[in-house]
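Trainee: Before we discuss this chain, could we have its sequence and structure in view?
Mentor: Certainly; they are shown here.

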Amino acid sequence: MDITLQRICLPEKDGDIPELYYRAEGSVIQMKNSLVLRRGGRVITNTYMNLLDESAWNRYTGLTEWELRIHARGHGRIRIYGWTDGTEKLLSEAEFTSVQTVERVFHGKFGNRKIYFEILAEEEFVLDQARYTADFEKPVKQIHMSLIICTYHRKEAVQRNMETIRRSRFFDRSSEYYKGLDLKIIDNGSELKQTEEDYFKVIHNPNTGGSGGFSRGILESRCDEEKYGTTHLIFMDDDVEIIEETFYRLYSLLCILKDEYSESMVGGRMFRMDRREIQYTASEVWNGGNIIHIGENQDMTRWDNLTEMNSRSGEYSGWWFACFTMDFARGNLPLPFFIHCDDVEYGLRHGGAPIILNGIQVWHETHEYRKSIRMEYYDTRNSLIVNTLRDVFQNPKEVWENCKKRLDDYWNRKEYDMAYAVCIGLIDYIKGEGYFLRSGNWIKRIRLPFKTGCKYLAAVLWRIAYIRYRKSGEKAFLSYKKIKEQYR
C-alpha cells in the first residue's frame with residue numbers, strides 16, 4: 001500500500017520563517033501552495049520542515065524504500081541529494097521541459113541520510129506539489145486520533161485552531177484521512193457554544209484546570225471509543241499555533257509504527273511564538289524540577305541543528321502537544337494538579353522516551369511570559385508532590401532542603417512575593433494527599449498582600465512552615481506514596 005510520509009509544505013501566514021521550509025536564491029515567489037522560480041532561481045529543501053530523515057523513519061517503521069513524487073511545470077532541473085556524516089551526495093536528477101504539470105518519481109532505499117532536493121530554474125519553473133511516499137507491504141494499522149483541547153477564556157485562539165482542524169482533510173469526505181480524527185474541545189470557561197456533531201464536540205466543564213479538562217476529554221473519548229475506533233489521544237493547548245501537516249505526518253507515522261514502538265508517546269516540539277524559527281524544546285527531562293529542554297532554544301534554520309534533531313529525546317512531552325495511546329489513557333487519568341506539573345507526572349508515569357519527528361510541532365508562548373506568584377505556588381506545591389511520587393526525594397529531609405533552596409534563591413534576589421508563594425506551596429504540601437485529593441482543594445487562589453508586606457509575611461510563614469513540617473512532614477511525605485494507584 002502506498003502511504004504518504006510527508007508533504008513538502010510552505011509558509012502559511014505572515015510572520016512565518018521561509019527558511020524553516022525552503023532556502024532560496026534569485027527570484028522565487030510563493031503563490032499560495034506553489035513556488036514560482038524565475039530564470040536563474042534556486043530552491044533547496046534541506047530544511048527542518050521538508051527534509052526526509054531516513055534514519056528516523058526507518059527506526060520507527062522499518063520501511064526500506066521511499067519515493068519522492070514531484071509535480072512541476074516549466075523549464076528547470078531537479079537534483080536529489082543525500083547527506084550523511086558531513087558529506088553531501090547527488091543521488092539523481094531529472095529535467096522538466098513541459099508547460100503542463102507533470103510528475104517525476106525518484107526512488108531511494110532507506111539508510112542513515114537526510115534527503116532533500118534542489119530546483120534550478122532555466123526559465124520560469126513552478127513547483128506545484130511534492131511528497132515523500134513509501135510502499136508499505138504489511139497491512140496498515142487502523143488509526144483514529146482524538147484531539148483534545150482544554151480551554152479557559154481563550155476564545156479567539158481556540159476558535160482559530162478549531163477552524164484549522166475542521167478545514168483539514170480529516171473532515172473532507174473525499175480524503176484518505178477522513179474519519180481519522182475527531183475534535184473535542186473541553187471548555188472550562190463555558191464561553192463557546194456547546195456542540196455535538198460527528199467527529200466534533202464542544203463540552204462545557206467546570207474550571208478544573210488542564211488536568212481536569214484533559215481528564216474530562218479522556219472520559220469523553222472512552223465513551224466514543226467503540227463508535228470511532230479510537231486508538232490515540234492528542235492533548236493540545238488551546239493557545240498554540242499549528243499547521244495541518246503536523247497531524248497528517250503524525251497520522252502516517254502511527255499507521256506504520258513498528259510493534260516495539262506501538263505504545264510509545266509521540267511528542268510535538270515547541271517553537272517560540274516570539275521568534276518563530278527558534279525551537280524552545282523538542283522534549284523534556286524532569287531532572288527533579290530543574291527541567292532540561294532537549295534542543296533548547298536552537299535556531300532550526302541552521303543546518304548544524306538539523307543533522308541530529310530526531311536522534312535525542314527526553315523523558316516526557318508537555319501538553320502543548322502530546323500523543324498517547326488509548327490503551328494507556330483508558331487506564332490512567334491525570335492527577336488533579338489543576339495547572340503545572342500535570343503533564344510532567346502523566347508523562348513520567350507513562351515512561352519511555354517520546355518519539356520526536358521533524359514537522360510534528362506547535363508554536364507556543366514560553367515560560368518567561370507566564371511567571372506570577374500564582375504560577376510559583378503551583379510550581380512549588382506540585383513539583384514537591386511529583387518528586388515525592390517519582391522517588392526523586394528519598395526522605396522528608398530532602399523535601400525540606402529543596403524548598404529551602406527555592407526560598408533562599410528568591411530571598412537573595414529580593415523577590416519577596418515569590419518567596420511568599422513558595423511558603424504557601426510548602427504549607428499546602430504538608431497537608432498531605434488527603435487534603436490534596438479532596439474535591440476543590442487542588443485549586444488555590446493566591447491573594448498577594450501589599451508589596452512591602454511580602455517580606456515580613458514570607459518570613460512569618462516560613463517559620464510556620466518549619467514548625468508544621470517538623471510535626472507533619474514525614475506523615476505528608478508517606479501519604480503521597482499512596483496516590484500512584486488511585487488515578488488509573
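**Sheets, cores and a pocket**

Mentor: Four strands make up an open sheet with mixed pairing, in the order β20-β17-β16-β22; strands are DSSP runs of E with at least two residues, helices runs of H or I with at least four, both numbered from the N terminus, and two strands pair if DSSP finds at least two bridges between them. The model is predicted, with local features needing pLDDT of at least 70 and side-chain atom pairs pLDDT 80 or more, while totals for chains, interfaces and linings use all residues. Residues are numbered from 1 along each chain as its sequence is written, and side-chain values use heavy atoms, without hydrogens and water.

Trainee: Which strands stand at the edges of this sheet?
Mentor: A strand with a single partner has one side left without a neighbour in the sheet. That applies to two strands, so the edges are β20 (298-299) and β22 (361-364).

Trainee: Which residue in β17 stands opposite M270?
Mentor: Strands β16 (residues 269-272) and β17 (residues 278-281) run antiparallel and are joined by two bridges. Opposite M270 stands T281.

Trainee: Which residue in β13 is the bridge partner of I185?
Mentor: Strand β11 (residues 181-187) runs parallel to β13, with five bridges between them. Strand β13 (residues 200-204) has four of its five residues buried, that is, under 20% relative accessible area with a 1.4 Å probe and protein chains only. The partner of I185 is V202.

Trainee: Which residue in the turn between β12 and β13 has a positive phi?
Mentor: Strand β12 (residues 195-197) pairs with β13 in the antiparallel sense over three bridges, and E197 has F200 as its bridge partner. The two strands form a hairpin with two residues between them. The positive phi, about 70°, belongs to Y199.

Trainee: Which strand gives the largest share of the largest nonpolar core?
Mentor: A nonpolar core joins buried Ala, Val, Leu, Ile, Met, Phe, Trp, Tyr and Cys residues through side-chain atoms within 4.5 Å. The largest has 90 residues, and I70, F117 and F247 have the most contacts inside it. Nine residues, the largest share, come from β9 (residues 114-135).

Trainee: How many residues does the second, separate core have?
Mentor: Its members include I339, C403, A419 and I427. The count for this core is 45 residues.

Key: Buried < 20%, exposed > 50% of the residue type's maximum accessible area, 1.4 Å probe, protein only.
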